[in-house]
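Q: Please take me through one part of this model at close range, contact by contact. I would like to follow the packing from one side to the other.

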Amino acid sequence: MEKIMAMLEEIRPEHDFRESTDFIEDGLLDSFDLITLIDMLESEYGITIDGLEVVPENFCSAEAIAGLVKKSGGDV
């Protein structure tokens, strides 16, 4: 999960993701950030994230993102 937090902090270093309970609702990630994050996750974990999985619930927390990576075949 630290890798995921590092990716988030690389995308938006000005935000404190560790203090947020919902990255999307709190406005920490926008649609462009999600595209960047998906690209990073796919490269790092050797997975492909299905377009149908790109919904706010899968990106609201580091735990949700880790779940998406696992669901897509990655080992977090």
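A: Happy to. Helices α1 and α3 are roughly perpendicular to each other, a label for angles of 65 to 115 degrees (under 35 is roughly parallel, over 145 roughly antiparallel, and the rest oblique). Their axes pack at about 115° and lie 10 Å apart. Here an axis is a line fitted to C-alpha atoms, for helices over the stretch in contact, and angles run from 0 to 180 degrees between N-to-C directions. The helices themselves are DSSP runs of H or I with at least four residues, numbered from the N terminus.

A word on the source: this is a predicted model, in which local features need pLDDT of at least 70 and side-chain atom pairs count only at pLDDT 80 or more, while totals for chains, interfaces and linings use all residues. Residues are numbered from 1 along each chain as its sequence is written, and side-chain values use heavy atoms, with hydrogens and water left out.

Back to the pair. The crossing of α1 with α3 is right-handed, meaning that the near helix is turned clockwise from the far one by less than a right angle (anticlockwise would be left-handed). From α1, the residues I4, M5 and L8 meet A62, I65 and A66 of α3; contact means heavy atoms within 4.5 Å. By class, this contact has six nonpolar, no polar and no charged residues. Nonpolar covers Ala, Val, Leu, Ile, Met, Phe, Trp, Tyr, Cys and Pro, charged covers Asp, Glu, Lys and Arg, and the others, Gly among them, are polar.

On the α3 side (residues 62–71), A62, A64, I65, A66, L68 and V69 are buried, that is, under 20% relative accessible area (exposed is over 50%, partly exposed in between, with a 1.4 Å probe and protein chains only). These buried residues pack against both α1 and α2. Just after α3, G73 takes a positive phi of about 100°.

I4 is a good residue to zoom in on. I4 sits in α1 and is buried, with a relative accessible area of 0%. Setting aside neighbours within four places in sequence, I4 touches L41, Y45, A62, I65, A66 and V76. I4 and E63 are 59 residues apart in sequence, yet 9.2 Å apart in space from C-alpha to C-alpha.

Now to the partner of α1 on the other interface. The axes of α1 (residues 2–11) and α2 (residues 31–45) come within 10 Å and cross at roughly 140°. That makes α1 oblique to α2. This crossing is right-handed. Here K3, I4, M7, L8, E10 and I11 of α1 meet D33, T36, L37, M40, L41, E44 and Y45 of α2. By class, the contact of α1 with α2 has eight nonpolar, one polar and four charged residues.

One α2 residue to look at is S31, which is partly exposed with a relative accessible area of 48%. The C-alpha atoms of S31 and P56, 25 residues apart along the chain, are separated by 9.9 Å.

Finally, D16 belongs to the loop between α1 and α2, and is partly exposed, with a relative accessible area of 43%. Its C-alpha atom is 25 Å from that of D75, 59 residues away along the chain.

Methods: Helix = DSSP H or I, 4+ residues; strand = E, 2+ residues; numbered from the N terminus.
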